[in-house]
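Open the model in your viewer and set it to cartoon, with side chains ready to be switched on. The stops below go from a sheet to a helix pair and then to a core.

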Amino acid sequence: MQTIDPVETTEKTGDLPSVKEFKRTIVRHLRADLLCETTTATQRDWWVATCLAAREWLVLKFAQTQRDRAREAPRQVYYLSLEFLMGRLMVNNLINTGLYEVAEYALAELGQDIHDAAEREPDMGLGNGGLGRLAACFLDSLATLELPAIGYGIRYEFGLFQQEFVDGKQVEHPDDWLRFGNPWAVVRPEFSTKVHLFGEVDSCGNPPDGPRKWKPGHTVVGVPWDIPIVGYDCETVNILRLWESRADREFDFAIFDQGGYVDAVREKAESETISKVLYPNDSTESGKELRLVQQYFFVACSLNDMIRRHFKSGYDWESFPEKVVIQLNDTHPSTAILELMRVLVDESELPWDKAWDITRRTFAYTNHTLLPEALEMWSVGLFSKVLPRHYEIAEEINHRFLVDTVEKKWPGEVDKVQALSLFDENHPKSLRMANLSVLGSFSTNGVAAMHTRLIKSRLFPEFHELYPERFNNKTNGITPRRWLRACNPKLSSLITNSIGDGWVKELDGLLKLEKFADNPDFQEEFLAVKRLNKEVLAEEIAKSIGVEVSPDALFDVQIKRLHEYKRQHLNLLHILTLYQRLLENPDLDISPRVFVFAAKAAPGYTLAKEILYAINLAAEKINSDESIGGKLKVALLPNYGVSLAEKIIPAADLSEQISTAGKEASGTGNMKLALNGALTIGTMDGANVEIREAVGDDNIFIFGMNVEEVEDLKKKGYHPREFYKKDAELKSVLDWLGSGDFASSGGGGSVVHSLLDCGDPFFVLADYADYIACQGLVDKAFQDRSGWARKAILNTARVGRFSSDRTIREYAEDIWSISPFKIEGTKPFDFLD
């Protein structure tokens with residue numbers, strides 16, 4: 001336990017409370033809210049009480065933020081996202097408000113360790129992968145840059161799922177993260193709103209572009225919960241508003257009184273299903289329907305809330321696009337375009353052209369994928385059933401667009417009509433949400449330079465030809481507050497002691513570290529920090545899966561959602577190649593390696609689950625083989641999420657970013673790992689291209705085909721068995737992977753089948769030889785301790801451009817046209833006295 005200076009604990013720093021005041025507040029919450037004493041409180045009690053104490057301070061800042069903005073009514077961005085992968089909030093909020101040391105000392109004086117309390121916080125189950133984590137980083141930057149913004153999403157009762165491996169196979173369990181509530185969220189029932197679904201449309205004698213009456217068949221209520229989003233070193237507190245679905249009528253007493261106990265609460269159960277689970281399985285029609293209902297539910301609630309705010313400020317529809325900008329984070333919220341049109345045409349009875357002008361000037365769209373299967377489409381049968389009026393509006397938008405714009409520019413060119421239409425006419429006829437998003441927005445942006453180039457040339461070439469001024473790039477970024485300052489305090493302290501703490505808000509300031517890259521003393525300090533972080537991860541690995549690893553080994557890390565295009569199975573082939581070489585020559589001179597994986601496979605994605613199983617089978621064999629002298633270890637850690645990433649990333653030596661060129665939109669894990677001093681091995685895909693430009697060719701390991709080479713090979717005809725036959729080592733490894741050693745009940749056999757017999761759609765075998773050769777260069781570089789330290793330091797120093805602060809500034813200036821709105825200082829903790 002750290003010794004606390006008693007003078008220091010009673011003094012205030014600026015407007016911050018003293019340790020004495022904060023300690024008293026924690027104890028008050030233990031007693032008043034949790035009904036316990038310091039002698040009986042559990043670690044969870046200490047966590048909740050500390051959060052509530054911090055929340056008192058945030059409430060002051062939040063109230064001031066709302067007052068100042070209500071007075072001035074600045075233009076504001078509303079960020080719609082189906083995911084917000086927030087992780088834990090306590091440490092991040094304490095750091096951003098400057099309260100971390102105060103809380104640490106206060107807990108220490110109470111006999112508690114802040115780290116133990118923080119470990120009791122569950123990850124918020126509001127997201128799955130990069131899309132949700134990016135949204136969370138953006139919220140942090142929006143608040144830190146003092147930009148007027150609100151995030152909107154769904155308050156999922158259950159997150160994606162809790163992952164467990166049983167006999168090497170993934171097993172999913174409910175992620176009941178809200179079981180005991182959450183101290184950061186505040187329910188705001190006074191802003192509840194009704195959402196209508198199903199039913200039929202009464203034309204009222206009007207054409208589709210005139211006001212019609214939607215007679216819904218079902219109504220649910222959206223109840224908002226607010227989570228404070230705290231800016232770093234400023235007074236701004238924005239909010240993330242999450243919608244919970246509830247029944248319009250909670251309980252039918254008449255049915256209950258007649259003995260229909262289950263039927264009496266049926267409506268309640270059905271309505272609450274909407275916000276029950278993140279990404280319900282859509283392999284069935286009922287699953288697809290629930291997903292569509294879920295998406296419309298949250299955008300309808302959010303739009304209603306925006307409109308309420310706008311008119312409350314005394315404005316009308318004419319000024320709506322001047323005061324409101326709505327950012328669609330991928331296509332999930334794209335029904336908002338149709339919903340705003342419905343409100344304008346049907347409820348406010350604006351002329352169609354006026355309504356469309358307002359809508360087009362309000363929305364902006366971010367595309368996150370080039371994968372055809374990820375471009376969302378809804379069958380017309382399902383869409384018209386769930387949202388009958390919105391379907392009519394979509395048809396009218398499409399008719400006018402094709403007749404008034406497409407036919408005039410390209411008369412008689414059927415291929416242009418087919419490409420630009422909002423509807424895919426193939427069976428079943430479907431509504432293309434990506435096309436709707438592009439057409440209904442004034443801006444469409446990609447998330448990395450290469451991704452944006454491919455959006456223009458391959459994904460939406462016809463739209464780009466029509467509206468070139470609407471397309472732009474905004475390379476993704478990450479918040480340095482969480483992904484260095486909070487998750488890697490040792491490296492953060494080393495950097496701050498060397499160049500000051502300005503980098504926390506201006507990440508380009510890390511360039512000052514370049515002058516230390518060749519300094520032997522700094523190199524040793526940098527490597528010592530890395531080793532301490534590796535020791536922490538080694539303990540986590542031992543605790544989680546019972547595998548002992550050496551912190552002196554090269555920690556080779558691939559942590560991301562399991563998908564074939566991310567090519568975890570290519571990594572597996574390299575592991576087996578090294579293992580086979582060691583079996584043939586146990587004295588082989590290679591650097592010891594620990595391969596660290598963490599990934600969840602979607603429950604319905606069979607091959608992804610087989611890849612995980614194959615990795616676990618390989619790990620079981622390798623980790624128990626004493627003949628290789630511990631030179632290889634494989635650790636597949638279960639239940640990957642933000643908190644686990646915060647332990648893995650600071651410890652990584654090598655960052656695996658090995659997706660097929662042209663498939664990854666950007667990636668942000670590559671940025672987090674590079675920021676924390678990991679070297680990247682990767683393809684020329686996504687943001688890897690820009691990371692290479694930033695860190696320099698000597699400080700990154702690039703391999704494999706580029707986008708053009710992938711396309712050329714595809715056009716010529718890719719035959720994976722040809723690569724299999726002509727590469728003896730590859731053939732040997734694949735044969736081994738498909739054998740009884742790794743193919744029990746699927747596993748390796750399924751992986752080999754996908755590569756040799758199913759076309760290897762992501763060119764794993766085509767890139768294998770170059771990947772293995774590049775890994776050889778990694779091994780050689782790691783054996784040069786000083787040279788590796790220099791490369792790692794330069795990675796940290798040169799990736800400042802990948803701050804989400806830079807990304808958000810670009811959105812604010814180029815797309816949103818919003819400016820920082822400085823909040824006046826709030827009063828200190830005097831109300832506690």
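Select Trp378 and Leu431: in this predicted model, Trp378 stands opposite Leu431, which belongs to S15. Extend the selection to strand S15, residues 430-432, and to S13; the two run antiparallel and are joined by three bridges.

Now add the rest of the sheet. It is open and has three strands, ordered S13-S15-S14, with antiparallel pairing. Strand S13 (377-379) and strand S14 (423-424) are the edge strands, each pairing on one side only.

Next, select residues 352-360, helix H13, together with residues 388-409, helix H15. Their axes lie 13 Å apart, and the helices pack at an angle of about 90°. Angles of 65 to 115 degrees count as roughly perpendicular, so H13 and H15 are roughly perpendicular to each other. Show side chains at the contact: H13 contributes Trp352, Asp353 and Trp356, while H15 contributes Ile393, Glu396, Ile397 and Arg400. Coloured by class, the contact of H13 with H15 shows four nonpolar and three charged residues, and no polar ones.

For the last stop, go to the largest nonpolar core, which has 280 residues. Select Phe22, Met86, Leu573, Leu765 and Trp816, the residues with the most contacts inside this core.

Which residues is Met86 in contact with, leaving aside its neighbours within four places in sequence? Centre on Met86 and pick out Met124, Leu126, Ala136, Leu139, Ile229 and Leu240, which are among its contacts. Two arginines, Arg133 and Arg482, are also in contact with Met86.

Technical notes. Residues are numbered from 1 along each chain as its sequence is written. This is a predicted model: local features need pLDDT of at least 70, side-chain atom pairs count only at pLDDT 80 or more; totals for chains, interfaces and linings use all residues. Side-chain values use heavy atoms; hydrogens and water are left out. A nonpolar core is a set of buried Ala, Val, Leu, Ile, Met, Phe, Trp, Tyr and Cys residues joined through side-chain atoms within 4.5 Å. Buried means under 20% relative accessible area, exposed over 50%, partly exposed in between (1.4 Å probe, protein chains only). Contact means heavy atoms within 4.5 Å. Axes are lines fitted to C-alpha atoms, for helices over the stretch in contact, and angles run from 0 to 180 degrees between N-to-C directions. Helices (H or I, at least four residues) and strands (E, at least two) are DSSP runs, numbered from the N terminus. Angles under 35 degrees count as roughly parallel, over 145 as roughly antiparallel, 65 to 115 as roughly perpendicular and the rest as oblique. Ala, Val, Leu, Ile, Met, Phe, Trp, Tyr, Cys and Pro count as nonpolar, Asp, Glu, Lys and Arg as charged, and the others, Gly among them, as polar. Two strands pair if DSSP finds at least two bridges between them.
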